[in-house]
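Please open the structure in your viewer and keep the selection tool at hand. The stops below move from a core to its neighbouring loops and then to a pair of helices.

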Amino acid sequence: MQSDAEDEAESLDPQDWPAMRALAHRMVDEALTYLETVRERPVWQSVPPQVARRFDGPAPRAPEGAEAAYQAFFTDVLPYPMGNIHPRFWAWYMGNGTVLGALAEFLAAVMNPNMGGGSHAANLVEAQVINWLKEMLAFPATASGLLVSGASMANLVGLTVARNTRAGVDVRKQGVAAAPRPLTVYASGEVHSSVQKALESLGLGSQALRRVPVQDDYTIDLATLQRMLDADREAGLRPICAVGNAGTINTGAIDDLDALADLCAREGLWLHVDGAIGAVAVLAASVRHRLRGIERADSVALDLHKWMHMPFEAGCVLVRDEAAHRNSFSLTPAYLEHGTRGLAAGSPWFSDYGLQLSRQFRALKVWMSIKEHGLDRFGRMIARNVEQAHYLGALIAAQAKLELLAPIGLDIVCFRYNPGGLDGAALDAINREVLLRLQEQGIAAPSYTTIKNQYCLRVAIANHRSRRSDFDALVEAVLDIGAQLRP
Ligand SMILES: *Cc1c(COP(=O)(O)O)cnc(C)c1O
């Protein structure tokens, strides 16, 4: 038998609390300095090989201590960030994070609740955040929701409920194979890859995703969608769902959600909206009207780690029909029975609304950030990014050697360097090199896409730290590098 003294002699808590407290204070100080001075450093730099090699060793068997662990982070990890904390990072589609968001992550881990269920205050925080998001999107108070890792999972949850509700058979019991006719889902050709991955995981197959052509502004062509539905029904398929885009990944296009909701109502389809990029833009007075109809969706996926700048990960799915949502995921064995008193009381149990049982307290950073800034400030940040996208568009239009390749749907600008006299392949090659040099020289970090077979630089401005002069600097650098490559 061990004595208490022996038990106390070793645990995972600090042996020297004052030393740990001093280290914690140093970590906070250095972290805040790091963020305060982020603009002074390159957007991105590759990890030097001699540093990368330090990640090759085996796990230590004996303690190295908290101080040494932090020191390794400080010298080998912290100096080589992805870059999305920087004011000139506009790659893929990401947020910056915030200082309070980072501190809230720490506090969430201090409490370390498991958000699967039970009676504790953290569950009230998540429930309130979901209620706030429902109000934001004008969803009914009776709707349900779940915080998830991001829009990929939110799409999976929404499409699971869509499938289970509209398949015409008991999918949970019998599986998709029991459906008498193949189930199909409709979305524009610009739909995000996560929707296809969700349908593959749901057993519907990628061919169940019927890709509808887009119009000149990259929004879904509803007349063609109607013809495809008629033809598919004729061919013996069972259409169950349409996915509307509230901000496409390539160009930020927002489908006509109101018209799509009309069509879904007429055709008996579940309407799921992928609002990873644009749903939170309802907060921006200048954008809100373009999202009309999102409040009619059966389910919506939205991301909070993109345009709301929560530290990764934070997304949410909302489902209009709470019972349909719960019926898709709830499974309550004896060891998880919900109570009305004691620790197992509390409602809802969030594990009834998704695949995860153990869940992190991601709601805290959202709750504290919304309290810190208020929704209206987030709206102003979003509106400013949209204005910056058009500012960049104007800079591009004013340069004979730059070419805008798609309409600016929201906050995403696709363009290329085009000095004239080059064929398509040469233009693609020169623009690939321009992009790599922008990144490798630490100047700016756009990403890339291909639109109508033309490689382009893609600037996705979900960045609360960007200023107008950052876009001046980008244009200047593209012209400089372009001229070096093609004097
Ligand atoms: C980013 C994105 C997703 C996927 O969201 P994650 O948060 O990365 O899981 C889905 N749809 C669109 C339109 C996106 O931009």
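Select Leu304 and display its surroundings: leaving aside residues up to four places away in sequence, Leu304 touches Leu133, Leu147, Val280, His309, Met310, Ala314, Gly315 and Val366, where contact means heavy atoms within 4.5 Å. This is a predicted model, in which local features need pLDDT of at least 70 and side-chain atom pairs count only at pLDDT 80 or more, while totals for chains, interfaces and linings use all residues. Residues are numbered from 1 along each chain as its sequence is written, and side-chain values use heavy atoms, with hydrogens and water left out.

Next, widen the selection to the largest nonpolar core, which has 108 residues, and in which Leu304 is among those touching the most other members, together with residues including Leu137, Leu225 and Trp307. Such a core is a set of buried Ala, Val, Leu, Ile, Met, Phe, Trp, Tyr and Cys residues joined through side-chain atoms within 4.5 Å, buried being under 20% relative accessible area with a 1.4 Å probe and protein chains only.

Then select His309, which has a positive phi of about 65° although it is not a glycine, and which counts as buried at 2% relative accessibility. Select Phe312 and Glu313 as well, since a cis peptide bond joins them, with omega about 5°.

Finally, select helix α7 (residues 151–166) and helix α9 (residues 193–201), whose axes come within 9 Å and cross at roughly 45°; these axes are lines fitted to C-alpha atoms over the stretch in contact, with angles running from 0 to 180 degrees between N-to-C directions.

Definitions and conventions: Helix = DSSP H or I, 4+ residues; strand = E, 2+ residues; numbered from the N terminus. Buried < 20%, exposed > 50% of the residue type's maximum accessible area, 1.4 Å probe, protein only.
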